[in-house]
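Colleague: I'm new to this one, and I'd like to understand the words people use for it. Could you show it to me and let me ask about the terms?

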Amino acid sequence: MKKRICLIGEVLVDLIADSNLNISPSPGGSIFNTANTLSKLGAKTSFYSQIGDDLWGKYLIQKMTEVGIDHNFVKISSDFKTPLAFATLDENNNAHYDFYKSKFNYTIQNNDLYNAGIFHFGSFFSVLSENQKNIQKIFNTSKKEKYHISYDPNYRKNFTKDNMKNLFNNFKNSHIIKLSLDDMQNIFGISDIKIGVDTIKKFNPLLIIITAGKDGSYLSFLDKPIIKVDAENVTVVDTIGAGDSYSSGLLYYLYQKEIFTKEFLLSLKEENLYDMLRFATKISSISLTIKGADIPKDLLSKV
């Protein structure tokens, strides 16, 4: 049986406003964006989250069903409001958000984690105190079942001391860490790629990927030299979900190659690493050319 890519995080509705305040809804949430693109690429994808038994919750279930995301592990609660995010764009087409959220009350059961090949998580969800029992359960099961943990911190500047403690624990328990240059600067105060890689290596991941926008992306693997792949030159419509799409490219490459164990990951050759970064860059570039993070499947089929 083919392994699954499992993802835990927030799913919400992005309400994207143009300059005239015309609003378009789109499914969103950093980790959900990754799940959405993964499923459209053809990966067997399971999503773990909580939504409300309301209009927007029904909208999200419909969207998950349409693209084939397994939502059996999404809790639907009558006393929980489906989260919303109002997204506005600045003069550089970068997105800025106002969030309207409820507190999660969600528990993963041990038998929910069967047949996982990779478990991906991140964003603000990953550092909230109420989510740590679920995340620790994922870590513990990974050690027994040998699946990969992939982490994208998607750092926000208002993280508290407890948030940061949880973030570093997530780093320590992850095999694959993908973060942006902005994340690295905000978390560690570091803008130099080599120094940043050396700092993250102290957490002992197997793979470190740093995305740097127009300057491309970098990968560190074991003690080998850092490799770089340039960004593609595209006309940017907006940046919503570009980093999440990049994560989906990385994970789908591993999924296609069935690289679900440490031994297989350690066997990657330099050409594999370059191919993985190029594929992730391509998926991210497609995201930059559309409005929002919900990439049409026909665009992905051309990759």
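Colleague: What is the handedness of the crossing of α3 and α4?

Modeller: Happy to start there, with the reminder that this is a predicted model. The crossing of α3 and α4 is left-handed.

Colleague: And why are α3 and α4 called roughly parallel to each other?

Modeller: Helix α3, residues 132–145, and helix α4, residues 161–172, pack at an angle of about 15°. Angles under 35 degrees count as roughly parallel, so α3 and α4 are roughly parallel to each other. Their axes are 11 Å apart.

Colleague: Which residues in α3 and α4 meet?

Modeller: From α3 come Gln132, Ile135, Gln136 and Phe139, and they meet Asn166, Asn169 and Asn170 in α4. Sorted by type, the residues of this contact are 2 nonpolar, 5 polar and no charged.

Colleague: Let's move to the strands. What makes β5 and β13 edge strands?

Modeller: Each of them pairs on one side only. They belong to an open sheet of 9 strands with mixed pairing, in the order β5-β4-β1-β8-β9-β10-β11-β12-β13. Within that sheet, β1 (residues 4–8) and β4 (residues 45–52) pair in the parallel sense over 4 bridges; Ile8 has Tyr48 in β4 as its bridge partner.

Colleague: Which strands does helix α5 touch?

Modeller: Helix α5, residues 181–188, packs on the sheet and touches β9, β10 and β11. The direction of α5 makes about 90° with that of β10. Helix α6, residues 193–201, also packs on the sheet, touching β10, β11 and β12.

Colleague: How do you know that strand β2 is mostly covered?

Modeller: By counting: 6 of the 6 residues in β2 (residues 12–17) are buried, and buried means under 20% relative accessible area. Leu12, Asp14 and Ile16 point one way, while Val13, Leu15 and Ala17 point the other way, and all are buried.

Colleague: How do you know that β2 and β3 pair?

Modeller: Two strands pair if there are at least two bridges between them, and β2 and β3 (residues 23–28) have 6, in the antiparallel sense. Ala17 stands opposite Ile23 in β3. With β6 (residues 84–89), β2 pairs in the parallel sense over 4 bridges, and Ile16 has Ala87 as its partner there.

Colleague: Last one: why does Pro225 count as exposed?

Modeller: The cut-off for exposed is over 50%, and Pro225 has 68% relative accessibility, so Pro225 counts as exposed. Pro225 lies in the loop between β12 and β13.

Terms used: Residues are numbered from 1 along each chain as its sequence is written. This is a predicted model: local features need pLDDT of at least 70, side-chain atom pairs count only at pLDDT 80 or more; totals for chains, interfaces and linings use all residues. Side-chain values use heavy atoms; hydrogens and water are left out. Axes are lines fitted to C-alpha atoms, for helices over the stretch in contact, and angles run from 0 to 180 degrees between N-to-C directions. Helices (H or I, at least four residues) and strands (E, at least two) are DSSP runs, numbered from the N terminus. Angles under 35 degrees count as roughly parallel, over 145 as roughly antiparallel, 65 to 115 as roughly perpendicular and the rest as oblique. A crossing is left-handed if the near helix is turned anticlockwise from the far one by less than a right angle, and right-handed if clockwise. Contact means heavy atoms within 4.5 Å. Ala, Val, Leu, Ile, Met, Phe, Trp, Tyr, Cys and Pro count as nonpolar, Asp, Glu, Lys and Arg as charged, and the others, Gly among them, as polar. Buried means under 20% relative accessible area, exposed over 50%, partly exposed in between (1.4 Å probe, protein chains only).
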